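Biologist: I would be grateful for a close look at the buried glutamates of this protein. Please describe their surroundings in full.

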Amino acid sequence: RARPPTQMAASSLGDIMGGTPGQLPTLGEFEPLERVLLTANGNLQRLVSSYHNTSVSVRVVYSREVATGEFERKVALLCGCGGTEFAEATSRLHITRADCISAIADGGVAIGQLFRHLNILPTFELTAAGRDAGGEQIWRDYLLSGEGVVCEIHERIRSDVLGALVSPSPSAPCDSADDAGDTNDAGGPAADAAGDVLAPSDGPGGGRVSAKRPRVAPSFGDIMSPHMTGVTLPNGFSPLQRLLLTANGNVERIVSSFYYEPLTVLVNLNHKRSPCVYDRQVTMLVRGEPFLHAKSTIYLTDPAWEEMVERRGTPLGAVFRVMGVLPTFHLRSVGRGRDSSGSGFFWRVYTLASQGMTCEITETFADDTFEKRSRGSALDASLASTDGHGIPV
């Protein structure tokens, strides 16, 4: 049954790792891009890699088991093929699940891949944040908690990492980049299902070329990522636009953190097309202005998930969270365009999938998403220039 188009829901820093953020540290003193880093929920590598359009790698300082189910480790994060260090993370892991401990001890699973290996969707809690006296680094303490796994993490991050740290480059990541991307990745954050790098396109299926990247097995890396995160998008997108194009379920978090304001989600359509198939349309607004229109087709593929929605009334947007399952992310295609008035927009098509649910999603963003001051948005006009699937025409 379709919901009335006037239904609106206030939102905050939630996303597929969701939940209400609760009592967050005061972040008003930080710059917008610093807040994006401080609220990153296990995908700091992806943010930096996307912003600079280059690879991010992990150097392990130490990793040790201090007691049964208790691990300590320290890693350095490096940006670009030259390996400029931009962050240091110290972690302590508490594991009570026997299969998790066995996966590390007997199965050779890296600690940083536990969430992905067992498809555990963790919750994120930012407990503290600050800035060094000299202003060269920001820091944060946070928790990632899933079924039987709790990670206490302290990170120190260069304050200029989303700035002049390295120059954005249109070239592909280093040859050793891993297509696996991030915690909820499959196929790479800027790769299609075959692992091909996406090239400029005026629309899905048109004008795209591909270039193969070598694959390597995921290695011991950051708590939510493999050894190296490589994001390569076509020329023509700004660093901030690339953050949104590669966002794996956290667009709301990125934009809300940037503005340090809650977003509003307008549910335009939530319609059951046929048994276990739903159509959903959502518009997101910040400062009262729309910046995103999303069209989704959602397929429930497991009886337990179907019962959660059909009988228990769980909202479709909350099912991954309620089931505690970490979906995989495939970025299918990206592009940009202009409407009849000349206003610009950019878009992407991607998939979020798990054993019980698959979401095929098309998102259209206004070019001025990070420039909302008062009135005026390119999105309304651009949405009128889309086909029935939300693809610009």
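Modeller: The account below takes up two glutamates in turn and then turns to the nonpolar core. The model is a predicted one.

E34 has its place in helix α1, which covers residues 32-38. Its relative accessible area is 6%, and because buried means under 20%, E34 counts as buried. The side chain of E34 makes a polar contact of 2.7 Å with the side chain of R131. When residues up to four places away in sequence are not counted, E34 touches R131, I138 and S159. R131 is thus found both as the polar partner of E34 and among the residues that E34 touches.

E363 belongs to strand β14, which covers residues 357-366. E363 is buried, with a relative accessible area of 6%. Two polar contacts of its side chain may be named: one of 2.8 Å to the side chain of R348, and one of 2.7 Å to the side chain of Y350. R348 and Y350 also appear among the residues that E363 touches, residues up to four places away in sequence again left out. The other residues touched by E363 on that count are V251, L292, H293, A294, F346 and W347.

As for the nonpolar core, nonpolar side chains in soluble globular proteins tend to be buried together. The largest nonpolar core of this model has 82 residues, and L44, V48, F86 and V255 touch the most other members. One of these, V48, is in contact with L37, V56, C79, F86, V161 and L162, its neighbours within four places in sequence being left aside.

Technical notes: Residues are numbered from 1 along each chain as its sequence is written. This is a predicted model: local features need pLDDT of at least 70, side-chain atom pairs count only at pLDDT 80 or more; totals for chains, interfaces and linings use all residues. Side-chain values use heavy atoms; hydrogens and water are left out. Helices (H or I, at least four residues) and strands (E, at least two) are DSSP runs, numbered from the N terminus. Buried means under 20% relative accessible area, exposed over 50%, partly exposed in between (1.4 Å probe, protein chains only). A polar contact is a pair of N or O atoms within 3.5 Å; within protein, one must be able to donate a hydrogen and the other to accept it, and residues adjacent in sequence count only if both atoms are side-chain atoms. Contact means heavy atoms within 4.5 Å. A nonpolar core is a set of buried Ala, Val, Leu, Ile, Met, Phe, Trp, Tyr and Cys residues joined through side-chain atoms within 4.5 Å.
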